[in-house]
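Me: I would like a close look at the metal site in this model. Please also place that site within the rest of the chain.

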Amino acid sequence: MKNLWNDADAEKMVADYSKKGVDGDLALRVYTTRLLGGEPRLVLHGGGNTSCKTRATDLVGDEWDVLCVKGSGWDMAVIEPQGLPAVKMGALLKARALTELSDEDMVALQRSNLIDPASPNPSVETLLHAFLPHKFVDHTHSTAILAIVDQEDSKALVKRVFGDRLGYVPYIKPGFDLAKVAAEVFEADPSVEGLILDKHGIFTFGDDARQAYDRMIHYVNVAEEYVAKNGKPKAAKAALPAKLAKASDIAPMLRGAVAVARGEGRFDRMISDFRTSDAIIDFINSAKIAELAGRGVSTPDLSIRIKTGPMAIPAPDADKLGDYKAVIRSHVETFAKDYQAYFETNDALDDVKRAMLDPMPRLTLVPGLGMFGHGRTLKDAKIASDVGEMWIEAVRGAEAIGNFQPLSKADLFPLEYWSLEQAKLASNKPKPLTGQVVLITGGAGAIGAATAKLFAANGAHAVIVDLDPAKAAEAAKAAGNNSIGVGADITDPAEMRAAFDKAVAVYGGVDILVSNAGAAWEGRIGELDDATLRKSFELNFFAHQSAAQNAVRIMLEQDTGGVLLFNTSKQAVNPGPKFGAYGIPKAATLFLSRQYALDYGAHGIRSNAVNADRIRSGLLTDAMIASRSGARGVSEKEYMSGNLLGQEVTADDVAQAFLHQALAERTTADVTTVDGGNIAAALR
Ligand SMILES: [Zn+2]
C-alpha cells in the first residue's frame, strides 16, 4: 500500500482551513483521515475512525482540552472539521475510573461534553481514543491486518508478524470495556506504535498526524508482505457448467427470491447491484466458497451491511435455466432459516428485547459470474457489493496463510443487534415505493417526466425511456434517486428489449411499468391512408403490448407481482372528430390493459389505465392550444379549463393518478379518469 502523504498537500490544507478559523491540528487530522478513508482496503462507508487531542474554546470563551474524534455517520473519505466533533477530555478521562458504563450512558456522557451540542454522536470508539495518550490516533479495518487476525491462533501470528512493535488486544465488543483493556495493553508496554485488535482491525498513534498515518501504512505493508511471502497454493476450483447462464438471466430470479414477503401478496423488495471482475471470479470459483461464506464477516461492523456473511449459490447452467429459480429459492430459504436460528439462539441468552431484522442475504456469490449486492436502495446494494469485494480481499489473504477464522457468530450477534450500530442505519426510513423499479416510456415528455419525479420522490428508482437519449438522461437527473435515462425507439422490439435489459442490469429487475409514450395523427377515418393508421397502431398499441410483455416476463421471473399502468387517453372512450388514428389504437390499449389484468391477476400482477385529457404536453403544444381555442372562439384559459371543475388539468395530476394506481394494492382492471370532469367521456 502506497504512503500518500504529500507535504505540499498537507501545507495547503492547513493554509486553506486556517482561513476558515480551523486550527492546524484539526486541518491535518482532516487531511490524513481523508487519505485513509479514500482507500477501501483500509475502511469502507463509515467504518474506521480517527482523532486528535487539541484545545477548543466554548461560547463563553473558556478553553478546554478536547478530543476531536470522528462523528458517527461521517465517511472518512470526505470528512470535514465538523465531522470530528470536539469532546471535553476531562470527563472522558474520568470515566476510566468507573467499573462499568452502559452504552446508553457512554453516549450520554460523550454528548453532554460536546463543545458544540449540534455535533453528530462521537464514534463508539471515542473512549479508546481518549484513553491513549497520543495526540493523533488512527483506526482502520485493513483487509491485510484482518487476514492475520482472522485466524484461530491469531495471538501467536500477530507476535510473529509484528514482533513487539504492536500490542495485542483480544476481541471485546467496542465500547467502554474495550477502551479500558486497550489502554491497559498500551500501558503494559508504552513503546508500542499501535494496537492490533483481534478479529477487528488496527490502531496506530503518534505525536503528529504524519507519524500516526506513516505507522498505519507501514504496518499494513508489513501484513501485506507477510501474506504475499507466506501464501500457500490456492484451493481447488469448483467444476462449472460447460455453458454458463448470464447474470441478466438470473438477476430477476434472485431479486425476487431475496424480497421480504410481508404476506397476502405484499413484498419489501430489494435492488440488486451486480459486480464482477477477474479477482472476484477467481476467488468465488473456489470449491469451498459456500463453506467460506458460511464462516462469517471479516470484521464485525460489516454485519450491519451483509448480516452474518455472504450467501453462495451454485453456478447457473444455461441449459438448465428452467430449474434454477428453485435452486436459488432453496438457498435463500436455507440462509433465512439459519439466520433465524442465529437470532433465536443468541437472543435467548439475555433479557434484552430485540426484534429480528429481516433474514434475507445482502450479498450473493455466484461462481462463474460474480456477485450481487442487495439493498433496499441502489446505494445500499452498491455498499453491499463494496463490502463484498473487501470481504474477498481479507478472506483470500487469511486463507493464503492459514484458515479464515473470523469472529464467532455468538460474538457477532451483540454487535449486529447493538443499538448504536443500528442507529447508523436509522435514517433510512422506507418510502411507499422504496425497493421498487419503475420503467416509464415517453419518460422525457410532460406526463412521463412528472410521473418519474413523483415515483422517485416516493422511493422508486425510475428507468426513463425516451426516443431522445439526452432528454431521457435530463429527466432522470431531474427525477433524482439514482434514476437512469435510456434512449430507445420503442416501436422497435429489439430496442424495447434493450431498455428492459438495462433496467435489469442496473437494478436487478422491474416492478412497475408506466406505458406512457404516444403520439397523435389526425384525419377523417374514411379518408385516412393505411400507412398513417398502421404507424399510429405501432406506437399507440403495439409498443404498449411489447412493453407489457417485457415487464411481465421479468415480473414472472421475480414472482413478486407487479403493476402495469397504461396511458390510454380520453380518446379510448370518447372519440374526437378526425382523431380516429389516435383514438382507435388507444381503445385497443384500454382493452389490452384489461386483458393483462385478467390473464396475470393470479400472479399478483395488476393492470390499470389512466384516461387523461387536455394536458399541456408534446401532444398538446402551446401552438395547438392557441389554434384550437381560436377555432372555438374561446380564450386559451377557457379552452384548457373547459371541464366540469373549470380548472386546467396538468401532467402532475396525471402522475398522481398513476401513483395512486401503483399504491392501491387491491385495484386492478381499473380506469381512472383525469380530465377535470367531461361527462361525455365518463365511463359507464
Ligand atoms: Zn473498528
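Reply: The metal site comes before the chain, its cores and some local details.

The model is predicted, and the values below are computed from it. The zinc ion is coordinated by three histidines through their NE2 atoms: His139, His141 and His200, at 2.1 to 2.2 Å. Along the chain these donors follow the spacing H-x1-H-x58-H. His141 lies in the loop between strand E4 (136-140) and helix H6 (143-149), and His200 lies in the loop between strand E6 (194-197) and strand E7 (201-206), so this pair ties together parts that are 59 residues apart in sequence. Are these two histidines buried or exposed? His141 has a relative accessible area of 10% and His200 one of 3%; because buried means under 20%, both count as buried.

The protein chain around the site has 25 helices and 20 strands. Of its 684 residues, 54% are buried. Its C-alpha atoms fill a box of roughly 100 × 65 × 50 Å along the principal axes. Among contacts between residues at least 6 apart in sequence, 72% join residues at least 24 apart.

The largest nonpolar core has 84 residues. Ile145, Ile148, Phe162, Ile196, Phe283, Leu365 and Trp391 are those with the most contacts inside this core. Helix H15 (residues 378-401) gives the most to the core, with eleven residues. As for Leu365, its contacts beyond four places in sequence include Ile284, Ile289, Ala293, Pro310, Met311 and Trp391. Another core, of 58 residues, lies apart from the 84-residue one. Leu254, Phe335, Met360 and Tyr596 are among the residues of this other core. In soluble globular proteins, nonpolar side chains tend to be buried together.

One helix pair can be described in detail. Helix H7 (residues 154-162) and helix H9 (residues 209-230) pack at an angle of about 105°, and their axes are 10 Å apart. That angle makes H7 roughly perpendicular to H9. From H7, the residues in the contact are Leu157, Arg160, Val161 and Phe162; from H9, they are Tyr219, Val222, Ala223 and Tyr226. By class, the contact of H7 with H9 has seven nonpolar, no polar and one charged residues. Phe162 also appears among the residues with the most contacts inside the largest nonpolar core.

A further local contact involves Ala91, in helix H3 (residues 89-94). Ala91 and Asn113 are 22 residues apart in sequence, with 7.1 Å between their C-alpha atoms. Leaving out residues up to four places away in sequence, Ala91 touches Leu109 and Asn113.

Backbone angles remain. Most residues other than glycine have a negative phi. What is the phi of His45? The value is near 35°, which is positive in a residue other than glycine. His45 lies in the loop between helix H2 (24-37) and strand E1 (49-57), and counts as partly exposed at 30% relative accessibility. Glu264 also has a positive phi, of about 50°, although it is not a glycine. The loop that holds Glu264 runs between strand E8 (260-263) and strand E9 (266-268). At 66% relative accessibility, Glu264 counts as exposed.

Terms used:
Residues are numbered from 1 along each chain as its sequence is written. This is a predicted model: local features need pLDDT of at least 70, side-chain atom pairs count only at pLDDT 80 or more; totals for chains, interfaces and linings use all residues. Side-chain values use heavy atoms; hydrogens and water are left out. Helices (H or I, at least four residues) and strands (E, at least two) are DSSP runs, numbered from the N terminus. Buried means under 20% relative accessible area, exposed over 50%, partly exposed in between (1.4 Å probe, protein chains only). Donors are N, O and S atoms within 2.8 Å of the metal (3.2 Å for Na, K and Ca); water is not among the atoms, so sites may look incomplete. Axes are lines fitted to C-alpha atoms, for helices over the stretch in contact, and angles run from 0 to 180 degrees between N-to-C directions. Angles under 35 degrees count as roughly parallel, over 145 as roughly antiparallel, 65 to 115 as roughly perpendicular and the rest as oblique. Contact means heavy atoms within 4.5 Å. Ala, Val, Leu, Ile, Met, Phe, Trp, Tyr, Cys and Pro count as nonpolar, Asp, Glu, Lys and Arg as charged, and the others, Gly among them, as polar. A nonpolar core is a set of buried Ala, Val, Leu, Ile, Met, Phe, Trp, Tyr and Cys residues joined through side-chain atoms within 4.5 Å.
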